Amino acid sequence: MTTTSSQSQSQTSNPVAPRSGMLSRVANLIYWTARYLERAENTARLIDVNAQLVLDLDAQQDSDDPRAWEPLVYVTGDEKDFVKLYGETTDERNVVEYLLFDRRNTSSFVSCIFAARENARCIQDQIASEMWETLNTFYLELKQHDYESYTQFGPSEYLSQLKLRIQQLYGVAESMLPRDEGWWFYQLGRYLERADNVSRIIDIKYYMILPPNHQVGAALDIVQWASVLRSCSAFEAFRRSKRGQLTLTRVLDYLIRDRAFPRSLLSAIIAAENCVRQIIADADTTANAKHTFEQLGKLRAHLEQTDIDAVIASGLHEYLDQFQVKIIGIHTDVGRAFLQSEYEEVATA
Amino acid sequence: MAELFADYDTGPFYDEMFTATGEPRPHYQRFFDRYAQLNGMEELVERQHTADKTFERRGVTFTVYSDQAGTEKIFPFDMIPRIISAEEWRHLESGLRQRMIALDLFLRDVYSDQKIVNEGIVPRSLVESCSHFRKALVGVKLPLDRHVHINGTDLVRDQHGTYCVLEDNLRTPSGVSYVLENRQVMKRVFPNLLRNYDVRPVSNYPIDLLDLLHSLAPPDVPEPTVVLLTPGVYNSAYFEHAFLARQMGIQIVEGSDLVVENDRVYMKRTHGLAPVHVIYRRIDDDFLDPTVFRKDSMLGVPGLFEAYRKGNVALTNPVGTGIADDKAIYYYVPAMIKFYLGEDPILPNVETFLTSNQTELQHVLDNLPNFVVKSVNEAGGYGMLVGPKSTKAEIESFRAKIIANPRNFIAQPTLGLSRAPTVCGDAIEGRHLDLRPYILYGKDVKIMPGGLTRVALKRGSLVVNSSQGGGSKDTWVLADTNDPTPAATEATAGRITL
């Protein structure tokens, strides 16, 4: 009797996706919609933290230093592209235009929202119409914005509006999307993108340390770490986490290895691993799918075993760089396993 | 007369709302009374703005091809609905049913015994020279023995108010999503207007369409998979494809999502291939299968036609229906009705001259400035000459085209199409319109009560196509209040369809 009831309970509490899966093209579009949204949000966060840092620098009489905005261009990994479009001048206007409003930059905020909206338009039949409408409305408004909008509202106010709009999209998705395979691809895209982006936000600090007269542990250093935490919405959570004083090791440990904080690298990878587990749960697992799952497991273990002091000693930037390369590898694995439309192997098997 | 319509002039045309003496027609009376309560043009324009915003937000758009960037535009929506009385609708419905049945019989005949050709009712040369005639289909058995499932027939009213058929659209008739969206927006913008007006609901269409698609599945498949095949997101009607797929709960696919193995169609999913049984295709025959039709097409699926011929997959509309879209074949539909059904056509064709016929050709050439000349295979208002609105040079250039290829054209006298009051800027003016009802033919003929009313927004223009600056109106078919078994209306629709 007990067995029967617990069985039926587990069936209802753990429903599984249909064996056949969804269209690969659609899964790909959902995955990328989430990546674009997450990327846009993090771009806004990145600019926000830098705008605040620059304000802090103000007191140190560094405010006119053109290098104040330079790190952002490096962190997004597109300095060549930037120089081609804007020359060598990395002032606020150029950097913000490039990162927020320039459609020639395929990773700019507006490009990401446009791409997410184009993807969503392709799969309007698959996602909730509320989600499509929310995204469409946001894009139609954003289309009319420019650098003037940014300065008119002030960076902090304007960027928090952008972040809020993206959070609204997450909220709509959260409450509207059925928890089927599409949802797990959506989440997978989101968490892989987040892991990559947060590692880049941490990396921005590496560039900020560059000025030669800088001292680790100085007052300015603390202020900067607080800003990095804030850009991940992690400041208050960090304070509550009983990790004590704000030090380099503690902050890095929190952002890289905290299990509970949703924007830490480890949490993002655990979430991504769970997504792949859900996707392959009820399917005949292919070699590629299995490989993807294993790679995520390895990366999770790597993060869990990371010794932060050793990382600081041997080079934080290199550590983060390697991490980003691993994320790219997993992204390629996901594509090969689920998203490409080439099914010759399956068809002949 | 209410303020809003105080300066309204019906002109020399049949007006949908007002009689020649300026009185609202009986089925418009209640609407007229309600509109009189509006706060003048200002309120109307304000609500118009709300409606436009709603369309934009919902992405109810079509893509303009001529524009490089593929600009999406909303299909302009007019706030004054077109109202059709129950009696008028009964007449239209019986005429459309009769026409649909005859067209199906014609297509079946053309692809089997060809009686109508053998008996000389329709010239053999005309059929064989038709670019949509698919020889490969002769003798192929189709599900339900049905050769057309969906038709969007364009109707117009002449000076006397008589409904005539302007053309049939049997390949991939579009626009039905706008009918459904128009109604949704009308309900939002004028929530009180539709209440208790006995307007028949249109929202059942996707369910009827899905039923039709299911009925075409191979008989040995208990739970058939139905998909909608689109050319892709850049197609001008992509919004409609996504809309219908969502409403029916079916998968929208592109050619590259499908693959044919052993004459069976599959779609590529994340965990492998899954069989497909019925395809509502929104691409023309030419692009369906590069191994049989256009070799350069990237939109279709290699091997699809063979799977279709073997009956492993059903297509809506069937391959080869386009032959009845040919405007020269259209000329013979009244003869088909007579031939197959032994009945007189309930809905007449618009008077038409075939330029492939020597004597009619001469008549057309002699009176070219008075004719509308249409290319037999063009749609969307492209490739036509509107004689009275054209320059001498345009007319002469068309004359040369006709003489070079008389098979490719038909000519119709310019009609004084009916008009209806339409919001134009800050005034209400009469604008010409047409009506495209949607007819489904599976086991039975089903006609959605209403259809797409397209309206020429440019003053004096007769061209209603969206690609030519046309707009649309919500189309209200009124329930028959005398009928002892009343039809569902918008007021009761919620209980019936949800």
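Reader: Start with chain B. How are α6(B) and α8(B) set to each other, roughly parallel or roughly perpendicular?
Author: Roughly perpendicular. This is a predicted model, so the geometry is computed from predicted coordinates.

Reader: What's the angle, and how far apart are the axes of α6(B) and α8(B)?
Author: The angle is about 70°. The axes are 9 Å apart. Helix α6(B) covers residues 176-189, and α8(B) covers residues 238-248.

Reader: Which residues of α6(B) and α8(B) meet?
Author: From α6(B), Val176(B), Ser177(B), Tyr178(B), Leu180(B) and Glu181(B). They meet Phe239(B), Glu240(B), Phe243(B) and Leu244(B) of α8(B).

Reader: How does that contact of α6(B) with α8(B) divide by class?
Author: Six residues are nonpolar, one is polar and two are charged.

Reader: Now strand β7(B). Are its faces covered or not?
Author: Both faces are covered. On one side sit Val226(B) and Leu228(B); on the other, Val227(B) and Leu229(B). All four are buried.

Reader: Which strands does β7(B) pair with?
Author: It pairs with β12(B), residues 278-281, over four bridges. It also pairs with β8(B), residues 251-253, over three bridges. The pairing with β12(B) is parallel, and so is the pairing with β8(B).

Reader: Where does Val227(B) fit in?
Author: In β12(B), its bridge partner is Ile279(B). In β8(B), Val227(B) stands opposite Gln251(B).

Reader: Different sheet. What is the strand order around β17(B)?
Author: The order is β14-β17-β15-β16 in chain B. The four strands form an open sheet with antiparallel pairing.

Reader: Which strands sit at the edges?
Author: β14 and β16 of chain B. Each pairs on one side only. β16(B) is residues 384-386.

Reader: Which helix packs on that sheet?
Author: Helix α13(B), residues 392-404. It touches β15, β16 and β17 of chain B. Its direction makes about 135° with that of β16(B).

Reader: How many residues of β17(B) are buried?
Author: Four of its five, so the strand is mostly covered by the under 20% cut-off for relative accessible area. β17(B) runs over residues 409-413.

Reader: How many bridges join β17(B) to β14(B) and to β15(B)?
Author: Two bridges link it to β14(B), residues 353-354. Five bridges join it to β15(B), residues 371-375. For a bridge to β14(B), take Phe353(B), whose partner in β17(B) is Ala411(B). On the β15(B) side, Lys374(B) stands opposite Ile410(B).

Reader: Over to chain A. How many helices and strands?
Author: Chain A has 18 helices and zero strands. Buried residues make up 52% of its 349 residues. Of the contacts in chain A with a separation of 6 or more, 68% are between residues 24 or more positions apart.

Reader: How do α5(A) and α9(A) pack?
Author: At an angle of about 10°, with axes 14 Å apart. That makes α5(A) roughly parallel to α9(A). α5(A) is residues 92-101 and α9(A) is residues 155-176.

Reader: What meets what between α5(A) and α9(A)?
Author: Glu92(A), Leu100(A) and Phe101(A) of α5(A) meet Pro155(A), Tyr158(A), Leu159(A) and Leu162(A) of α9(A). By class, that is six nonpolar, no polar and one charged.

Reader: Arg45(A) caught my eye. Where does Arg45(A) lie, and is it buried or exposed?
Author: Arg45(A) lies in helix α2(A), residues 24-59. It is buried, with a relative accessible area of 5%.

Reader: What is Arg45(A) in contact with, leaving aside neighbours within four places in sequence?
Author: Lys163(A), Gln167(A), Ile201(A), Arg230(A), Ser231(A), Cys232(A), Ser233(A) and Arg263(A).

Reader: And how far is Arg45(A) from Phe261(A)?
Author: They are 216 residues apart in sequence. In space they are 17 Å apart, C-alpha to C-alpha.

Reader: Cys232(A) is in that contact list. How many disulfides are there over all chains?
Author: Zero.

Reader: Why no bond for Cys232(A)?
Author: The closest cysteine sulfur, in Cys112(A), is 17 Å from the sulfur of Cys232(A), too far for a bond. The cut-off for a disulfide is within 2.5 Å.

Reader: Are Cys232(A) and Cys164(B) buried or exposed?
Author: Cys232(A) is buried, with a relative accessible area of 0%. Cys164(B) is buried too, at 7%.

Terms used. Residues numbered from 1 in each chain as written. Chains lettered and ligands numbered in written order. Predicted model: local features only at pLDDT ≥ 70, side-chain atom pairs only at ≥ 80, totals over all residues. Heavy atoms only, no water. Axes fitted to C-alpha atoms, helices over the stretch in contact; angles between N-to-C directions. Parallel < 35°, antiparallel > 145°, perpendicular 65-115°, else oblique. Contact = heavy atoms within 4.5 Å. Nonpolar A, V, L, I, M, F, W, Y, C, P; charged D, E, K, R; others polar. Buried < 20%, exposed > 50% of the residue type's maximum accessible area, 1.4 Å probe, protein only. Pairing = 2+ DSSP bridges.
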